[in-house]
Amino acid sequence: MTSTPHFDLFRSRAEALAEEDATVDQAPFDDEGDHGYDGEQLDREERSALRRVGGLSTELEDVTEVEYRQLRLERVVLAGVWTEGTATDAENSIRELAALAETAGSTVLDGVIQRRQRPDAGTFLGSGKAAELHDIVVAEGADTVICDGELTPGQRRALEDVVKVKVIDRTALILDIFAQHAKSREGKAQVELAQLQYLLPRLRGWGESMSRQAGGQAAGGVGIGSRGPGETKIELDRRRINTKIAQLKRDIKRMKTGRDAKRASRKANEIPSVAIAGYTNAGKSSLLNRLTGAGVLVQNQLFATLDPTVRRAETPDGRPYTLADTVGFVRALPHQLVEAFRSTLEEVGDSDLLLHVVDGSHPDPEGQISAVRAVMAEVGGDRLKEVIVINKADLADPEVLMRLRANEKHSIVVSARTGEGIDELRRLVAEELPQPEIPVDVLLPYDRGDLVSRLHADGDVVSEEHTPEGTLVHALVHPRLVGELTPYAVEPAASR
């Protein structure tokens with residue numbers, strides 16, 4: 001009986017399927033020992049083969065450029081386990097992993113998907129499929145395998161022992177991208193904290209690094225008070241990491257104080273805030289630039305910008321508000337990042353309005369919306385007024401846009417690149433922001449021109465009349481301004 005053959009990259013699918021069928025007839029059960037399972041059964045053909053995902057390779061054809069890039073880029077093969085959803089969902093996930101790998105600076109050579117009830121507890125793919133993956137790695141000349149999921153420390157070690165190259169998971173890949181792209185002091189500290197929290201349970205000793213440490217001449221059998229196990233190298237590393245984690249948490253807490261002070265200042269001045277959130281590469285920075293001229297980096301790349309940007313904007317009727325661009329989200333965003341970036345994400349939870357940007361040209365925009373809402377719920381963003389901004393209308397399928405508009409009642413279609421729908425979005429933001437709602441009638445002396453100016457800037461002036469005693473104003477204002485105007489209040493009838 002022969003094992004499931006390795007699929008050659010250039011072999012036709014018909015030949016591959018025919019060979020699979022022949023193998024299935026000879027081996028009625030798969031090589032992972034699941035023949036005793038009597039629940040929901042998967043198709044034998046799917047269970048007995050690694051599904052190749054075409055069109056993932058980013059290897060360059062220009063020989064001179066290849067030679068230059070090979071000095072600095074890793075050559076990777078992707079591996080995923082398809083446990084639920086459709087085949088299209090599984091391929092979308094592995095293609096997103098390919099985009100993440102390319103963003104991290106890797107050359108993607110190939111990608112495979114294994115159909116299973118659940119990831120194998122030992123090697124993620126199962127021992128048989130891990131051996132096939134080793135053959136693919138050798139054939140492609142890869143030096144790294146990236147798994148589409150979070151591996152346990154044991155799974156990573158076991159898979160590395162089989163494929164004989166470095167193995168990382170989706171979480172480690174995203175953390176690496178964040179580390180490359182963080183620019184601010186707070187962003188770098190948040191990413192370093194997330195990386196250390198991820199690394200701590202995954203420390204692995206090699207050879208002599210596990211040897212015991214002891215003072216004096218304990219190693220030679222002498223030295224009173226020096227005998228004993230001492231501290232292993234891995235224990236020393238854990239202690240150092242825990243110390244660094246504690247220090248980073250203190251630093252981030254101090255940085256959070258400064259961010260809270262700025263937020264409190266904006267609230268004290270009754271300036272409404274709007275947060276832009278959404279899936280990575282949905283066009284949040286492009287939208288911010290279009291609305292405010294912020295000049296934020298725009299690049300067709302996942303997680304191109306990480307550090308939040310806050311800019312001042314005005315509604316068409318002249319009311320000021322702040323517009324904050326936040327870190328992008330992705331499916332299965334590592335929980336270490338959510339915790340580390342909590343102080344940044346709280347900027348969203350304290351906003352008056354959430355602009356949830358969705359890439360209308362993406363193969364699964366509904367999946368993007370669900371992934372972002374799951375993270376938003378952790379920081380209180382699910383309580384905000386939400387407007388779904390369907391971006392990239394110039395690239396999206398009209399039928400997809402119609403479907404999204406039908407499913408998301410409070411939505412608008414725009415194109416940050418062409419400017420389509422931007423004016424309508426500005427009007428919608430003005431309608432959704434808190435409006436001055438407390439009516440006041442005041443007679444302001446001419447030496448209090450500052451209050452007249454604030455009424456025009458922060459309130460809604462209904463009528464204004466210049467009298468010998470001063471300026472008679474009827475307006476709608478925010479609660480905070482009422483206290484300053486109370487000494488100048490007059491009877492409403494006097495303003496008519």
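Here is a chat about the predicted model shown above.

Visitor: Hi! Before we start, what kind of model is this, and how are residues numbered?

Guide: It's a predicted model, where local features need pLDDT of at least 70, side-chain atom pairs count only at pLDDT 80 or more, and totals for chains, interfaces and linings use all residues. Residues are numbered from 1 along each chain as its sequence is written, and side-chain values use heavy atoms, with hydrogens and water left out.

Visitor: Cool. How many helices and strands does the protein have?

Guide: There are 17 helices and 16 strands. Both are DSSP runs numbered from the N terminus: helices are H or I with at least four residues, strands are E with at least two.

Visitor: And how much of the protein is buried?

Guide: Of its 496 residues, 47% count as buried. Buried means under 20% relative accessible area, exposed means over 50%, and partly exposed is in between (1.4 Å probe, protein chains only).

Visitor: What about contacts between residues at least 6 apart in sequence?

Guide: Of those, 70% join residues at least 24 apart. Contact here means heavy atoms within 4.5 Å.

Visitor: Okay, sheets now. What's the strand order in the one with 6 strands?

Guide: That open sheet goes β9-β10-β8-β11-β12-β13, with mixed pairing. Its edge strands, β9 (309-314) and β13 (411-413), each pair on one side only. The twist averages 25 degrees from one strand to the next. For angles, axes are lines fitted to C-alpha atoms, for helices over the stretch in contact, and the values run from 0 to 180 degrees between N-to-C directions.

Visitor: What does "pair" mean there?

Guide: Two strands pair if DSSP finds at least two bridges between them. β8 (residues 273-278) and β10 (residues 320-325), for instance, pair in the parallel sense over 4 bridges. Val274 has Leu323 in β10 as its bridge partner.

Visitor: Which helix touches β8 and β10?

Guide: Helix α10 (residues 284-292) packs on that sheet, touching β8, β9, β10, β11 (353-359) and β12 (386-391). Its direction makes about 160 degrees with that of β10. Helix α14 (residues 398-407) lies across β12 and β13, running at about 160 degrees to β13.

Visitor: And the sheet with 3 strands, which way do they pair?

Guide: Antiparallel, in an open sheet ordered β14-β16-β15. The edges are β14 (438-444) and β15 (460-466), and the twist averages 10 degrees from one strand to the next. β15 pairs with β16 (residues 471-477) over 6 bridges, and Glu464 stands opposite Val473 in β16. Helix α16 (residues 449-458) lies across β14, β15 and β16, at about 145 degrees to β15.

Visitor: Switching topic: how do α5 and α6 cross?

Guide: The axes of α5 (residues 127-140) and α6 (residues 153-163) come within 8 Å and cross at roughly 55 degrees. That makes α5 oblique to α6. The cut-offs are under 35 degrees for roughly parallel, over 145 for roughly antiparallel, 65 to 115 for roughly perpendicular, and oblique for the rest.

Visitor: Which residues make the contact?

Guide: Ala130, Ala131, Leu133, His134 and Val137 of α5 meet Leu159, Val162 and Val163 of α6.

Visitor: Last one: where is Thr123, and is it buried or exposed?

Guide: Thr123 is in the loop between β3 (107-115) and α5. Thr123 is buried, with a relative accessible area of 10%. Leaving aside neighbours within four places in sequence, Thr123 contacts Ala130, Gln155, Ala158 and Leu159.
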